[in-house]
Amino acid sequence: MAPEATSTRDFAPAMIDHMHKMRRYKDPDHGTQPTPRIIDRFRVDLDPKGAIASFQPNGATITSNNAFFKDMGTNGRTCFTCHQPQSGWTITPGDVAERFERSAGKDPIFRLVDGATCPNDDVSTLRAKRRAYKLLIDKGLVRIGLAVPATAEFKVEVKPGDDPYGCNTNPETGLAVGIVSTYRRPLPSTNVGFLSTVMWDGRESTPTGTLESDLTNQARDATLGHAQAAASPTDAQLAEIVAFQKGIFTAQIFDKTAKFLTDDNAKGGPSALSTQPFFLGSMPESVTSMATMARPWRARSSSRTSTLPTIGAVTTTSAAW
Ligand code: HEC
């Protein structure tokens, strides 16, 4: 009998191994992540509907003091590369497109390992780069290469002619080496205290783990994977990252039509959110009303429950909705 999977984290070693093997495709560009010196205690960013705000009840973060902003890998990336405040602590296509133009495709988000539609893409000219990073620029999508578990009760096949980026059929990157490539928008690294599962497919959540331990594992895997680090961050660095993420709250604060969402004792904005009690099965009051305003409620994906807060601009606008 096949051994039972003991944890949803059984995915991690094969994923990290894949990301490290992809180092055989050399990035032509090197460079560090532009980062502000400080993330203020209360920060406001304009968005298409008005403004969002991020609030850190415990005070501002000096970025040089927190591993979330530290280059701990081999490709110049930090957590901040894909989780930025002006985009609700994820990325948006508009923002990524601007980064591409500003840096001529050199910003560390444009790295072959998972920024490109496939790590073997041609990036020898600006035009080729624009094609390679098309999904990232046009849709804010990052390649997630996951191994099909040895115990899977299903088989993954690609219909002939149905592999637009050639990554799943490529003998070095695809199904031949046990890897399936999917393309996903980064999830917001804010409001994480309200999560019932970590990642789109819940793969960083464990049956016995706490949110802290799941986020700790997530931060380690992200450093070893997205940043292609050779070694794990230290426990102290991982704790810093988790504390930063747990200490930040983001929500729409101003709407062009409704104006300030804190007026008349309304509970919009991140300050009210930061004091909301939360346990699985509950939903913060302001979140319920805002989510209803924003769109008819739908569960996020099979592994996510409707207890998840989805707040104005922080809501990830991916096709999975
Ligand atoms: C190259 C871009 C990239 C980098 C760099 C990156 N992430 Fe992410 N992050 C993503 C993507 C894409 C997802 C969603 C992946 C999935 O669900 O399969 C994600 C998901 C997350 C989530 C899950 C949130 C939720 O709602 O479940 C957290 C937390 C997170 N990242 C934190 C981090 C931390 C901490 C770091 C640095 C150690 C980091 N990320 C670096 C792209 C990135």
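Among contacts in the chain between residues at least 6 apart in sequence, what percentage join residues at least 24 apart? The share comes to 66%, a contact being a pair of residues whose C-beta atoms, placed from the backbone, lie within 7 Å. The structure is a predicted model, in which local features need pLDDT of at least 70 and side-chain atom pairs count only at pLDDT 80 or more, while totals for chains, interfaces and linings use all residues. Residues are numbered from 1 along each chain as its sequence is written.

The secondary structure comprises 8 helices and 8 strands, taken as DSSP runs numbered from the N terminus (helices: H or I, at least four residues; strands: E, at least two). Of the 321 residues in the chain, 41% are buried. Here, buried stands for 20 or more other C-beta atoms within 10 Å of the residue's own, exposed for 12 or fewer, and partly exposed for anything in between, with C-beta atoms placed from the backbone.

Helix 1 (residues 12–21) makes a convenient starting point, with Ala12, His18 and Met19 buried. These residues lie on the same side of helix 1 because they cover an arc of only 130° around the axis, the arc being that of the directions from the helix axis to the C-beta atoms. The packing partners of the buried residues of helix 1 are strand 5 (142–147), strand 6 (179–184) and helix 5 (211–224).

Turning to the interior, the largest nonpolar core holds 33 residues, and Phe68, Ala219, Ile241, Ala251 and Ile253 have the most contacts inside it. Such a core is a set of buried Ala, Val, Leu, Ile, Met, Phe, Trp, Tyr and Cys residues joined through C-beta atoms within 7 Å. At least two residues of this core come from each of strand 3 (50–55), helix 5, helix 6 (235–246), strand 7 (249–255) and helix 7 (269–274). Another core, of 20 residues, lies apart from it and includes Ile109, Val113, Ala116 and Ala132.

Tyr133 sits in the loop between helix 3 (126–132) and helix 4 (134–139). Because 24 C-beta neighbours fall inside 10 Å, Tyr133 counts as buried. Leaving aside residues up to four places away in sequence, Tyr133 touches Phe100, Gly105, Phe110, Gly115 and Ala116.

Finally, the ligand is surrounded by 27 residues, of which Cys79, Cys82, Pro186, Met199 and Trp200 are the closest; the criterion is a C-beta atom, placed from the backbone, within 6 Å of the molecule. Helix 5 gives the most to this shell, with 5 residues.

Terms used
Two residues are in contact if their C-beta atoms, placed from the backbone, lie within 7 Å.
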